[in-house]
Amino acid sequence: MSLKRRQFVSGISAAAMATTMLAPARAMSAPNFGFQTVIDLARKTARPYVAPSTELPAELASLGYDAYRGIRFKPEHGPWKQAGLGYHLEFFHRGGLSRERIDIFEVHDGKATPFRYEASQFTFDPRSATAPAGDIGYAGFRIHAHNVPGMDEMAVFLGASYFRSLAANQTYGLSGRGLALATASARGEEFPIFRSYWIVRPKAGDTSVQVYALLDSPSVSGAYAFKITPGTATVYDIQCTLFPRVTLDMVGIAPLTAMYLYGPADQGGFDDFRGAVHDADGLQLRTGSDEAIWRVLTNPPHVEESAFQDTGPKGFGLMQREQSQAVFEDYEARYDLRPSGYVTPKGDWGKGAVHLIELPSNTEGFDNIVAFWRPSAPLQPNRGHTYHYTVMWGSPSVDPQIQTIGRVVQTRTGKDINGYGRVFMVDFALKGIDPETLTAVAEASAGTLSAVRLQTLNDRGVIRAWFHLELGHLQPEQAKTADLRLALHKDATALTETWMFRWTY
């Protein structure tokens, strides 16, 4: 597996870890270890924060990205390798950016026992590192699903509270996270960490794997339950209960993170043979009022944050709609095989907003896109806050409702050669509709939209909307961004999702 370079910053310092380790140790004797056990641990852990150990031999602590990848787990040492369970379990070594010691347990017959580190489980590149002495623990783990056609690995948990997944016949792309705190804020982001995992040993024929995790950071502790079901779409059923140590006013629930460098709508002057480089090309939303929205991603010159206010959201995700290798022309990275990730809340999440954060980037090794749900009311300490949701990894059609309306299949923009401004082209997947019967409903937060026209591209099965954004009348002191909206209506009924784009100039 190839892991992209990701600047995981856990905000964790080296300190004694006895406080939080005592509670899991006592819980090992519980006759029926389950999610409630982890919730109880998280509630106890919500006392003053104690960081996990980051102590490592110097040569492991200083490993760079490529050198760290030179340490590999030996598959034959996987604890489920010979059990015929259909799933294999492997571990990641500590070193480089992955410094925290993560405790990993197996739950079997209601009892939890720790997996023990041994250097003999790994191969070491002698040019960069040698096998350490003693039990230094693990950094994370991955699960293979050999019982699903077209799938090898199905899950990776490594670094802070990050996890990654994919569906059959795909390759890794975007990531999920347990929690986002103060992302891209002036006060600095805090990265909670999954400091302990409990993996339930599956039985032969099981279609899912159950993983529990204890989240911890200076501001919050939490219990997580992941039921992972691999397939043509891999589904994570996630429950979490959070116990804040302080008031969490900038919290992100069900965060997803991805890389967007450039695409047809935002080429950014990159001198590159490829037509697009990204893990995802848009934020897909389904609001509580059942409006479908497609927000095109950009690589802005400055940090941009958009908030989509909502009540009872029905879903949101970072999607990879572009799946043509002819566009990417990258047979190593295979961006055409990257999964989309779609979050479906369970129960009523109340009032809040889906936040989209876009960070400027000049490298494809940096995850510069983050999306999450932020409740309107801060999460208060001295009580538990529970959320239940699924994350579906797979093709961009993971939200079946999006198939009932015309969806955006392409966005392009360029300088208007006939004047000062921009020309935009948006393709909607609509077949058998006479464009003369449609109305293009468009608006802009700045500038003036003009010359909106529609045409049918029969060979593609799409209706193309063209329009101009005139910017010449804006004064220098005015805002340098324009939020654009466009949808196609017939008889006052929307036949398409609402296309959104933020043009920064």
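This briefing describes the fold, the strand pairing and a few individual residues of the structure above. The model is predicted. The protein has 505 residues and a radius of gyration of 24 Å, which agrees with the value near 23 Å that a compact globule would have. Its secondary structure comes to five helices and 33 strands.

**Overall dimensions and surface**

- Taken along the principal axes, the C-alpha atoms of the protein fill a box of roughly 70 × 50 × 45 Å.
- Of the 505 residues in the protein, 57% are buried.
- The exposed area of the protein is about 20800 Å², and carbon and sulfur atoms supply 50% of that area.
- The protein carries 49 positive and 52 negative charges, and the mean positions of the two sets are 5 Å apart.
- Contacts between residues at least 6 apart in sequence can be split by separation: 69% of them join residues at least 24 apart.

**Strand β11 and its partners**

- Strand β11 covers residues 193-200, and seven of its eight residues are buried, so the strand is largely enclosed by the rest of the structure.
- Strand β3 (residues 103-108) pairs with β11 in the parallel sense, over five bridges.
- Within that pairing, Asp103 has Ser196 of β11 as its bridge partner.
- Strand β12 (residues 209-216) also pairs with β11, here in the antiparallel sense and over six bridges.
- Ser196 appears in this pairing too, where it stands opposite Leu214 in β12.
- Ser196 of β11 is thus tied to Asp103 and to Leu214 of β12.

**Strand β14 and its partners**

- Strand β14 (residues 234-244) is mostly covered, with eight of its eleven residues buried.
- Strand β13 (residues 220-229) runs antiparallel to β14, and ten bridges join the two.
- β13 and β14 form a hairpin, with four residues between the strands.
- One of the bridges between them links Lys227 to Asp237 of β14.
- β14 also pairs with strand β25 (residues 385-394), in the antiparallel sense and over nine bridges.
- In that second pairing, Thr241 has Thr386 of β25 as its bridge partner.

**Ala167 and Met151**

- Ala167 sits in the loop between β8 (162-165) and β9 (175-177).
- The relative accessibility of Ala167 is 1%, so this residue counts as buried.
- Beyond its neighbours within four places in sequence, Ala167 is in contact with Met151, Gly231, Thr232, Ala233, Thr234, Trp393 and Gly394.
- Ala167 and Pro230 are 63 residues apart along the chain, while their C-alpha atoms are separated by 6.7 Å.
- Met151 belongs to the loop between β6 (140-145) and β7.
- At 8% relative accessibility, Met151 counts as buried, the cut-off being under 20%.
- With neighbours within four places in sequence left aside, the contacts of Met151 are Ala145, His146, Leu166, Ala167, Ala168, Pro230, Gly231 and Thr234.
- Gly231 and Thr234 are among the residues in contact with Ala167, and both are also in contact with Met151.
- Met151 and Asp266 are 115 residues apart in sequence, and their C-alpha atoms are 33 Å apart in space.

**Residues with positive phi**

- Ala160 has a phi near 50°, a positive value in a residue other than glycine.
- Ala160 is in the loop between β7 (153-158) and β8.
- With a relative accessible area of 8%, Ala160 is buried.
- Asp491 has a phi near 55°, again a positive value in a residue other than glycine.
- The place of Asp491 is the loop between β31 (481-490) and β32 (493-494).
- Asp491 has a relative accessibility of 69% and counts as exposed, because the cut-off for that class is over 50%.
- Ala160 is therefore buried, whereas Asp491 is exposed.

Key
Residues numbered from 1 in each chain as written. Predicted model: local features only at pLDDT ≥ 70, side-chain atom pairs only at ≥ 80, totals over all residues. Heavy atoms only, no water. Rg over C-alpha atoms; globule rule 2.2 N^0.38 Å. Buried < 20%, exposed > 50% of the residue type's maximum accessible area, 1.4 Å probe, protein only. Contact = heavy atoms within 4.5 Å. Areas by Shrake-Rupley, 256 points an atom, 1.4 Å probe, with all protein chains shown as cover. Lys, Arg positive; Asp, Glu negative; His and termini not counted. Charge placed at Lys NZ, Arg CZ, Asp CG, Glu CD. Pairing = 2+ DSSP bridges.
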